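Please work through the exercises below with the sequence and the coordinates open beside you. Each task is followed by a solution that proceeds step by step.

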Amino acid sequence: MSEGTGGMFSGHETKGRVLIVDDEPDVRKVVRMTLTKAGYDVIEAEDGEQAIAAIKEGENPLLLSVIISDIRMPKINGVEAIQYFQQQWPRVPLIVLTGFPDMEMAIGFLKKGVVDYLVKPVEKETLTNAVAKAIAQRKLHSM
């Protein structure tokens with residue numbers, strides 16, 4: 001079965017699997033609801049440490065289409081988590097979602113390969129467009 005097709009056996013078709021890493025439960029809930037309505041499977045983690053554990057759970061690493069990460073979080077912060085994700089899973093696109101807009105930080109992240117830098121509160125359409133764009137870019141690079 002090719003990637004991206006749910007087929008008759010899965011019960012529903014999904015556009016991809018998204019990991020949202022944010023220490024604010026309300027933010028995770030809004031992002032999850034928005035992306036689930038748009039057809040994505042969503043997994044949540046409240047910090048970088050939990051996100052890394054979630055990906056590594058089980059025998060095989062979790063297959064992800066996109067990772068959306070906050071910057072300011074307890075334990076492993078977003079900067080450290082993003083560096084780790086880029087080292088371990090360089091083909092998984094990353095989107096930063098932060099409540100603290102910082103132009104220098106945004107430019108730095110974009111130069112290091114983060115596909116989008118979004119500021120909270122994010123419009124639903126902006127969020128879904130960013131995820132779709134990230135998945136499309138990934139598919140282009142894997143051809």
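The exercises go from confidence and overall layout to strands, helices and single residues.

**Exercise 1. Confidence**

Establish how far this predicted model can be read in detail, and where it cannot.

Solution. Begin with the whole chain: the mean pLDDT of the protein is 86, and 86% of its residues reach 70 or more. Next compare elements, where confidence is lowest in helix α2 (residues 48–56), with a mean of 88, and highest in helix α1 (residues 25–37), at 97. Finally look at residues 1–11, over which pLDDT stays under 50 and for which the model has seven contacts beyond four places in sequence. Where pLDDT is low, the predicted coordinates should not be read in detail.

**Exercise 2. Overall layout**

Describe the order of the secondary structure and the extent of burial in the protein.

Solution. Counting elements gives five helices and five strands, and reading along the sequence gives the pattern β-α-β-α-β-α-β-α-β-α. Of the 143 residues, 39% count as buried. As for the contacts with a separation of 6 or more, 62% of them come from residues 24 or more positions apart.

**Exercise 3. Strand pairing and crossovers**

Which strands does β1 pair with, and in what sense do they run?

Solution. On one side of the inventory, β1 and β2 run parallel and are joined by five bridges, with Val18 having Val42 in β2 as its bridge partner. The connection can then be assigned a hand, since β1, α1 and β2 make a right-handed β-α-β unit. Turning to β3, four bridges join this strand to β1, again in a parallel arrangement, and here Val18 stands opposite Val66. Burial completes the account of β1: four of its five residues are buried, so the strand is largely enclosed by the rest of the structure.

Now trace the path from β4 to β5 and determine its hand.

Solution. Strand β4 (residues 94–98) pairs with strand β5 (residues 116–119) in the parallel sense over four bridges, and the partner of Thr98 in β5 is Val119. Between these strands the chain passes through helix α4 (residues 103–111), and this β-α-β crossover is right-handed.

**Exercise 4. Helix α2 and the ends of helices**

Identify the buried residues of α2 and decide how they are distributed about the helix axis.

Solution. The buried residues are Gly48, Ala51, Ile52 and Ile55. Viewed down the axis of α2, these buried residues fall within an arc of 95°, so they line one face of the helix. An α-helix has 3.6 residues a turn, so residues three or four places apart point the same way. What covers the buried residues of α2 includes the strands β1 (17–21), β2 (41–45) and β3 (66–69), together with helix α3 (78–88).

Which residues cap the N-terminal ends of α2 and α4?

Solution. For α2 the cap is Asp47, a side-chain oxygen of which lies 3.0 Å from the backbone nitrogen of Glu49. For α4 it is Asp102, with a side-chain oxygen 3.0 Å from the backbone nitrogen of Glu104. Just after α4, Gly113 takes a positive phi of about 105°.

**Exercise 5. Thr98, Lys120 and Pro93**

Characterise the surroundings of Thr98, Lys120 and Pro93, taking each residue in turn.

Solution. Thr98 belongs to strand β4 and is buried, with a relative accessible area of 1%. A polar atom of its side chain lies 3.1 Å from the backbone nitrogen of Phe100. Beyond four places in sequence, the contacts of Thr98 include Asp70, Tyr117 and Lys120.

Lys120 sits in the loop between β5 and α5 (124–141), and its relative accessible area of 15% places it among the buried residues, for which the cut-off is under 20%. Its side chain makes a polar contact of 3.0 Å with that of Glu24 and another of 3.3 Å with that of Asp70. Residues that Lys120 touches also include Asp22, Val27 and Leu97.

Pro93 lies in the loop between α3 and β4 and is buried, at a relative accessible area of 7%. Its C-alpha atom is separated by 7.2 Å from that of Ile135, although the two residues are 42 apart along the chain. Among the residues that Pro93 touches are Val66, Val115 and Ala134.

Technical notes:
Residues numbered from 1 in each chain as written. Predicted model: local features only at pLDDT ≥ 70, side-chain atom pairs only at ≥ 80, totals over all residues. Heavy atoms only, no water. pLDDT = per-residue confidence, 0-100. Helix = DSSP H or I, 4+ residues; strand = E, 2+ residues; numbered from the N terminus. Contact = heavy atoms within 4.5 Å. Pairing = 2+ DSSP bridges. Right-handed = clockwise from strand over helix to strand, strands pointing away. Buried < 20%, exposed > 50% of the residue type's maximum accessible area, 1.4 Å probe, protein only. Arc of directions from axis to C-beta. Polar contact = N/O pair within 3.5 Å; in protein donor to acceptor, adjacent residues only side chain to side chain.
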